[in-house]
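The exercises below are meant to be worked with the sequence and the coordinates open side by side. Each task is followed by a solution that proceeds step by step.

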Amino acid sequence: MGGDPVPTYCPLCVSRCGARAEVHDGTFLALLPDPSHPTGKALCLKGKAAPEIVYHPKRLLHPLRRTTPKDAADPGWERVTWDEALDTVAERLRTAASVDGPQSVGFSSSSPSTSAISDAVDWIQRLIRAFGSPNYCNYMELCGWGRYLAPLYTYGASVPGVYLPDLDNAGCILFWGYNPSVARLAHATSTVAAVARGAKLVVVDPRKAGLAARAHHWLRVRPGTDAALALSLAHVMIENGWYDADFVRDWTNATDEVDGESVWNLLAAHCAQFPPDVAERITGVPATTIVDTARTLWEARPVAFYTWSGLEQHSGTTQAVRAIDVLYALTGSLDVPGGNVLFEAVPSNPVDGMEFLSDTRPPAVGVDHRPLGPARFEFVTGEDFYTAALDGRIKALVSFGGNMVMAHADTARGREALRGLDFFVQADLFMTPSAELADIVLPVATPFESEALKIGFEYSQEAQSLVQLRQPLVPPRGEARSDLQIVFDLATRLGLGAHFWDGDIEAAFRHQLAPSGITLEDLRAHPEGVRVPLTTRYRKYAETGFATPSRKVELYSTTLAAHGYPPLPTFEEPLTSPRSRPDLAVRYPLVLSCAKSLFFCETQHRQVAALRKSAPDPQVEMHPSTAADRGIAAGDWVSIDTPHGSVRARAKLSASLDPQVVFGQHGWWEACDELGLPGYPPYGPDSANLNLVLRQTPSDPISGSSPMRASVCEVSLLSAAAHGA
Ligand SMILES: Nc1nc2c(c(=O)[nH]1)N[C@H]1C(S)=C(S)[C@@H](COP(=O)(O)OP(=O)(O)OC[C@H]3O[C@@H](n4cnc5c(=O)[nH]c(N)nc54)[C@H](O)[C@@H]3O)O[C@H]1N2
Ligand SMILES: Nc1nc2c(c(=O)[nH]1)N[C@H]1C(S)=C(S)[C@@H](COP(=O)(O)OP(=O)(O)OC[C@H]3O[C@@H](n4cnc5c(=O)[nH]c(N)nc54)[C@H](O)[C@@H]3O)O[C@H]1N2
Ligand code: SF4
Ligand SMILES: [Mo]
């Protein structure tokens, strides 16, 4: 039967927009915005397409088992029961653990920013940690580790991330390598409101994308030179006295001495290597813009700051983010209203299994060459995972979503790595080029068919105060099960039931909620969520200091110094750029970067007609003169050539781009049958898979970030015959 719209939220991406669902006669019909929800002002087209995703004919509906070898053209999928599938998985994992140790089993999950795996990710980590494997591959070297580690070694916690930008009260908003108009709708709507009430906006992006068009300062940085820009801004601020002297003196290690010199003097001299005219030659940002921006950051403070994957996919990510962290410290905006604030959280019991970690566990792959990197925290980068799978240290993989070979660079090496595993199980909504390489594929329920508990939405204090139990709108199609059910079933079969409430998910939720005082019954009676009154406390560092060795903000990082890394943030020309590789630049003179699509999450959704009709073909953006020099017109099919091969895309001309810079899109493989639009092979000459021609090395020496946003390339016109016209 029909009825009133059901309060819910869309979990398809990091925005987690508040929504109401229309359900009629057991059919999910539509998702609408819910302005009463702190993230519900608007929904994007992907959210509106949710019913089409749920009812898509290509959904996986039954557990499948491979019957042919990994290099066969046809996997020969055979339907099996859930019991057969899960018993096989449990048996293979137990055997691997007993023969080669639990570290020989790798785990993976899709990024919670691009999928509803956020519903289950804490429980997946609990499973991995309880099982005893330190090897969890979760794509964070592509959008998280630099952003996490640089502030960890500067502030003791992630800024932004743990500290959220207080957009509602900011005097100035600084978006650096971040385009919320595409990536996080709820941030975009708050930013538009902030600018309307008079906040200043600074956007650092090689493209005039999204809010860059409305920015007071748009800094068109050459890809991967962000550290030089940040150091120059810091130089101008220091030179003019545009910094919070009290905060710097009391709460940074500026007054500490290193070899008889104060950190402050060392920093000032270090930044003075990048006066605006020098920075202009490196970054392409006019010297006057650098000075004007520095003035705005000072005069319009407090500054709320956010960065994302524009900075993450570089060979020098960690130092670039460190440079921005130092710059941000100068504004004194940390944990003050309108800055980046550590909002109070609803009290709850953590469930991600940190208690299983100990010094006696086997080390994660990669810790030997990057001791301060992901492996220190039991995460493994894609590159290290591939290496370990190929040399036999990792023999099995359990993957909850994630399209490993398409999402990481070097797709062909990824295929070899996955083929080399003794055992691979993938839980997914759809068959993908990665799932094709599995031994067992498990059909996952969409979030609209499953229940999930969300404690706090990561925006404002108000949003953080909201607890919501998202209810299934319709039963799962076919035999699909939620990731949560799979985790709990698998844990029980692995003999870990004692840590998983013997498979009882409700009991687990009750445990998680206990400190909040909210019951599951309260939440079921209030599908719109229950709010827990919380009061923000500011400048909490004044009570306990920062979680760094010096208890201060480390402008000079003692941790990096102790491990032989530069303790002051450094700029290094991106290792794959034409300036670094003059040998390659003769043939590949352009700089290739990339960005997300508004209409799809990463490698997903090309099969969804409502979305594909807005973006039918893979696209590459370039300056009109770059195109004209090569005889390329708007809409032409072109070849994107790198030293590693060629892939195709259609030219889009953007006069605001630097003529040397081109922007591609990754994630193109799937066909849309309804619109008759083609798919593209993940490998080989007809491919449109950008990651086929990018590499994961040379990666960031601290975080392992992959250098996918500043590569040498060339573009050339494809003949009509070559693109099948
Ligand atoms: N619609 C949609 N939303 C998504 C996703 C999606 O695929 N589609 N993915 C989700 C995920 S997993 C993530 S991580 C977030 C990412 O969210 P964002 O990081 O905002 O996404 P991107 O578009 O990849 O990159 C942001 C900007 O960085 C710029 N950029 C590229 N190279 C450089 C550079 O060298 N320096 C600087 N300063 N900027 C550069 C790009 O032009 C782009 O505008 O989005 C999430 N939300
Ligand atoms: N060149 C280039 N490469 C990039 C990027 C880039 O900007 N440029 N961005 C990178 C970034 S930031 C990231 S985070 C990675 C993302 O890489 P992935 O995490 O692999 O993300 P997706 O490509 O969106 O693939 C998600 C997969 O999980 C499945 N899935 C979706 N929802 C669920 C769910 O609820 N449960 C389960 N079990 N499965 C689900 C989908 O069907 C799909 O197969 O890609 C990275 N790759
Ligand atoms: S931005 Fe779109 S896909 Fe992401 S949560 Fe909001 S409605 Fe869903
Ligand atoms: Mo991401």
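**Exercise 1. Which residue in β17 does Ser399 stand opposite?**

Before solving, note that this is a predicted model, in which local features need pLDDT of at least 70 and side-chain atom pairs count only at pLDDT 80 or more, while totals for chains, interfaces and linings use all residues. Residues are numbered from 1 along each chain as its sequence is written, chains are lettered from A and ligands numbered from 1 in the order in which they are written, and side-chain values use heavy atoms, with hydrogens and water left out.

Step 1. Locate the strands, where strands (E, at least two residues) and helices (H or I, at least four residues) are DSSP runs numbered from the N terminus: β16 covers residues 396-400, and β17 covers residues 423-428.

Step 2. Establish the pairing, for which DSSP must find at least two bridges between two strands; β16 and β17 run parallel and are joined by five bridges.

Step 3. Read off the partners: Ala396 stands opposite Phe423, and Ser399 stands opposite Gln426.

**Exercise 2. Place β16 in its sheet and describe how its two faces are covered.**

Step 1. Turn to the other neighbour, strand β6 (residues 105-109), which runs parallel to β16 and is joined to it by five bridges; here Ser109 is found opposite Phe400.

Step 2. Write down the strand order of the open sheet, which has seven strands arranged as β5-β4-β18-β17-β16-β6-β7 with mixed pairing. Because β5 (78-79) and β7 (136-137) stand at the edges with a single partner strand each, one side of each is left without a neighbour in the sheet.

Step 3. Examine burial, where buried means under 20% relative accessible area, exposed over 50%, and partly exposed in between (1.4 Å probe, protein chains only). In β16, five of its five residues are buried.

Step 4. Separate the faces, recalling that in a regular strand the side chains alternate between the two faces of the sheet. Ala396, Val398 and Phe400 lie on one side of β16, Leu397 and Ser399 lie on the other, and all of them are buried, which leaves both faces covered.

**Exercise 3. Trace the pairing of β1, β2 and β3, and find the residue with a positive phi in the hairpin.**

Step 1. Start with β1 (residues 6-9) and β2 (residues 18-24), which pair over four bridges in the antiparallel sense; the bridge partner of Tyr9 is Gly18 in β2.

Step 2. Continue to β3 (residues 27-33), which is antiparallel to β2 and joined to it by six bridges, with Val23 opposite Phe28.

Step 3. Inspect the hairpin of β2 and β3, which has two residues between the strands, and there Asp25 takes a positive phi near 50°.

**Exercise 4. Characterise the surroundings of ligand 3.**

Step 1. List the shell, taking a residue as near if one of its heavy atoms lies within 4 Å of the molecule: ligand 3 is surrounded by Cys10, Leu12, Cys13, Ser15, Arg16, Cys17, Leu43, Cys44, Lys46, Gly47 and Leu185.

Step 2. Sort these residues, counting Ala, Val, Leu, Ile, Met, Phe, Trp, Tyr, Cys and Pro as nonpolar, Asp, Glu, Lys and Arg as charged, and the others, Gly among them, as polar. The shell then divides into seven nonpolar, two polar and two charged residues.

**Exercise 5. Compile polar contacts of ligands 1 and 2.**

Step 1. Adopt the criterion that a polar contact is a pair of N or O atoms within 3.5 Å; within protein, one atom must be able to donate a hydrogen and the other to accept it, and residues adjacent in sequence count only if both atoms are side-chain atoms.

Step 2. For ligand 1, which 35 residues surround, a nitrogen atom is 3.0 Å from an N or O atom in the side chain of Lys46. A nitrogen atom of ligand 1 also lies 2.7 Å from a polar side-chain atom of Asp226, and an oxygen atom of ligand 1 is 2.8 Å from a polar backbone atom of Gly224.

Step 3. For ligand 2, which 32 residues surround, an oxygen atom is 2.5 Å from an N or O atom in the side chain of Asp428. Polar backbone atoms contribute as well: that of Ser111 is 2.9 Å from an oxygen atom of ligand 2, and that of Gly401 is 3.2 Å from a nitrogen atom of ligand 2.
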